[in-house]
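Thank you for letting me take a few minutes today. I would like to walk you through one structure, beginning with a single residue and then stepping back to the chain around it.

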Amino acid sequence: MSFAPLLPAAFYQLLKKRGVTLIEAPAGIPAAGDRLKRIEEFFGAVRSRCDTLSLARMKSPGGWSEPGQTPDFDEYTLVLKGHLRVKTRTGALDVKAGQAVLVTRGEWVQYSTPAAEGADYVAVCVPAFTPAR
């Protein structure tokens with residue numbers, strides 16, 4: 001049995017490369033929103049010049065909110081600490097530490113961290129996040 005259909009196509013570009021690549025430190029990316037949020041990209045268009053996927057750690061303060069958007073990528077998000085509110089045209093989800101959410105490309109979405117504790121989370125975007133997407 002082949003597992004190939006189960007893996008996102010973006011991972012095949014990474015698998016074609018030989019060897020091991022260590023990312024010693026992430027690249028900081030400016031974030032949209034009404035409060036300072038840290039985006040630390042480890043893989044992606046900015047840090048590793050990879051446009052097939054991006055992997056970033058996000059640190060959002062309590063009360064942060066970004067403008068709604070309709071991205072041209074799938075975004076897989078795992079919340080590590082706190083909770084992340086994910087608002088779509090059909091409702092809102094509160095994604096808590098230890099939970100994950102997938103927002104598919106073309107879906108209108110607005111992310112926020114309404115609780116005082118904010119949130120730390122990891123996002124994987126396929127294809128890679130860029131401001132244009």
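Before we look at any neighbours, let me say that contact here means heavy atoms within 4.5 Å. Please also keep in mind that what you see is a predicted model.

With that in hand, let us turn to T88, which, if we leave aside its neighbours within four places in sequence, is in contact with E107 and W108. As for where T88 sits along the chain, it is found in strand 5, which covers residues 74-88. Another residue to find on your screen is V103, which lies 15 residues from T88 in sequence, while the C-alpha atoms of the two are 9.1 Å apart in space.

Is T88 buried or exposed? Its relative accessible area is 18%, and because buried means under 20%, T88 counts as buried. The side chain of T88 also takes part in a polar contact, of 3.1 Å, with the side chain of T90.

Now let me step back to the whole protein chain, which has one helix and nine strands, and in which the helix comes before the strands as we read from the N terminus. The chain has 133 residues, and 37% of them count as buried. If we take the contacts with a separation of 6 or more, 64% of them are between residues 24 or more positions apart. Finally, the accessible surface of the chain comes to about 8,000 Å², and carbon and sulfur atoms account for 57% of that surface.

How values were computed:
Residues are numbered from 1 along each chain as its sequence is written. This is a predicted model: local features need pLDDT of at least 70, side-chain atom pairs count only at pLDDT 80 or more; totals for chains, interfaces and linings use all residues. Side-chain values use heavy atoms; hydrogens and water are left out. Helices (H or I, at least four residues) and strands (E, at least two) are DSSP runs, numbered from the N terminus. Buried means under 20% relative accessible area, exposed over 50%, partly exposed in between (1.4 Å probe, protein chains only). A polar contact is a pair of N or O atoms within 3.5 Å; within protein, one must be able to donate a hydrogen and the other to accept it, and residues adjacent in sequence count only if both atoms are side-chain atoms. Accessible areas come from the Shrake-Rupley method with a 1.4 Å probe; for residues, only the protein chains shown count as cover.
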